[in-house]
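Reader: Could you take me through one part of this model in detail? I would love a close look at how its helices pack.

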Amino acid sequence: MNNNEERYLNLLSHTFPTVADAAGEIINLEAILNLPKGTEHFLADLHGEHEAFIHVLKNASGNIKRKVSEIFGNTIREAEKKELCTLIYYPEQKLELIKAVEQDIDDWYHITIHQLVKVCRDVSSKYTRSKVRKSLPEEFSYIIEELLHERTDDQDKAAYVAVIVDTIISTGRADDFIVAICNVIQHLAIDQLHILGDIYDRGPGAHIILDTLRQYHSWDIQWGNHDMLWMGASAGNDACICNVLRLSLRYANLATLEEGYGINLVPLATFALETYGDDPCTEFIPKLLKGTSMDEKTIQLTAKMHKAIAVIQFKQEAAIFHRRPEWEMEDRCLLEQIDYEKHTCTINEVTYDMKSCNFPTIDPTHPSEMTEEETLLMQKLHHSFRVSEKLRKHIRTILSHGCMYNICNQNLLFHASIPLNDDGTLKSVEILGQKYAGKDLMSYIGQLVRAAFQNDTPTEYKQYAKDYFLYLWCGKDSPLFDKSKMATFERYFLEDKSTYTEQKGNYFRLRESEAICDHILDAFGISGPNRHIINGHVPVHASKGENPIKAGGKLMVIDGGFSEAYHSETGIAGYTLVYHSRGFQLVQHEPFTSTQDAILRGTDIKSTTQIVEMSTHRMLVADTDKGVELRSQIGDLRKLLYAYRHGIIKEKRN
């Protein structure tokens, strides 16, 4: 035993001061290794659809419904199972409805509490008592624990259990108890939640999603391109601020900005009316999603604000592209390629007609320069983003729970892509004069992103880090974009639709190949027969027969269009993935109606479950990353036992 090892064991002995303590922990950890693997839940591309997200979170992608069916079988009617599931998902709201119509509420309480205890007992069966105890609300911890570990078929305990339930009801605590145990069921149904990027944009409730996640027991996020845009805006990148505002105006979604983060849009509205008052801004009419209504006056104002911020965005982007010529993106400074007299734009030596050419804030001799009014407006918008405490809090949450990629139980998780060469090898991407590829690239980008938020980052490096948010959003070799260009300008202003094409990078072209996926997994150090890549970003067109399972099962793409904006394109409302102790199940969802429908009528998201891969044996904690960690701890504890028993280290008895 060397000095370092002895020093480490001495530190460990403070936590386990006696032979009995060390041996007891070994017994505990060995037992945990033989529990079933906890259930992992994978979601991607939420895009602000908070109601659907919260419902999927509550029903664990149908996992709770499946357990209720297994537990009760034919002993209760389907309608009763549906009512029980709705109660578990929305206990407070459902209780009020039930009490309004139930004639014998005490009888209902008795039946329902026993049913909920059965469900809770089932979902808690794969955890230690200690872990279950930590998930229990303090006021009902002892009662729930007693009910979970006592069975009514034991005659000696039947009366004991009955009295507990009777007393819960007679003391007027039934409602609170039911709410508490329903929340415990939701908590224990999922051990770990993985968000594969894009919480933000399009839908109205990204801030609500993040408020929900901040309260969730265990989750991680792999940053998406839309998340990166908001992170850049929070860090003070004005081009990112413009993009955030433009996308919000494009989908008439101002709730997240104004109600969620308190961003003041009055200066933008005032500027837009003064500058584009006579411009119909036809190309900038917002896309109204289902359930969104606007009067004509508001639509016209939104369109003018949309155009105003889009023009400023192109100017702000040009400033960064000129400042960072090594990115080779100066060809995207398209305001500089317009002939303002002929109303044409030249791209790659081809001249195209413009849809419109009304640019009152552009000096044709210096088209990318900001006017004084635009500069003043950007200062106000910049200040509004920077002082938003809630936005800062949410971005800190995303930073603390996430990075560019994650490796968990032989699964490589990332949002969009890994840049590849034409032959499928990892592409080297240059950042600040150094080249990075694969895992090194993803890791370094993660460091660079964090540097933008740290006070001790050197000024020049911090400025580069802030600028780089824009590259991550729209750069050709960005792992979050990986396309030839972002054709925002072309879609707004050019007649020729061929200019709208955004050529996808090699990852998207080659990801159907099992060999390519194996190459990527090897590069990230992931071995074993059941390894996978899981990502989102590009919606799967299920209506056209596209399969989300690719590369012989090595790759799973779970962006099926969670956002309502994609429903007509994909034909579905997203995929989620469940990885439990028996294997992977892919859940295909139809559009969610509303939370009110779910509570009043018990409507659930209609889902189709596809078994992706089932294990020949039930996976245990021993088969997971946690198992590797626990075996390492057991090894250390056995060395500590040896040290105690051979007098190398003395027990610390009182």
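Author: Happily! α13 and α14 are oblique to each other, because their angle falls in none of the other classes (under 35 degrees is roughly parallel, over 145 roughly antiparallel, 65 to 115 roughly perpendicular, and the rest oblique). The axes of α13 (residues 225–235) and α14 (residues 238–250) cross at roughly 125° and come within 7 Å; axes are lines fitted to C-alpha atoms over the stretch in contact, with angles from 0 to 180 degrees between N-to-C directions. Helices here are DSSP runs of H or I with at least four residues, numbered from the N terminus. This is a predicted model, in which local features need pLDDT of at least 70, side-chain atom pairs count only at pLDDT 80 or more, and totals for chains, interfaces and linings use all residues. Residues are numbered from 1 along each chain as its sequence is written, and side-chain values use heavy atoms, leaving out hydrogens and water.

Now to the contact of α13 with α14, where contact means heavy atoms within 4.5 Å. From α13 come H226, L229, W230, G232 and A233, while α14 brings C240, I241, N243, V244, L247 and S248. Seven of these residues are nonpolar, four polar and none charged (Ala, Val, Leu, Ile, Met, Phe, Trp, Tyr, Cys and Pro count as nonpolar; Asp, Glu, Lys and Arg as charged; the others, Gly among them, as polar).

α14 also meets α21 (residues 459–474), with axes that come within 9 Å and cross at roughly 45°. That crossing makes α14 oblique to α21 as well. Here A239, C240, N243 and L247 of α14 touch F469, L470 and W473 of α21. By class, this contact holds six nonpolar residues, one polar and no charged.

Definitions and conventions: Helices (H or I, at least four residues) and strands (E, at least two) are DSSP runs, numbered from the N terminus.
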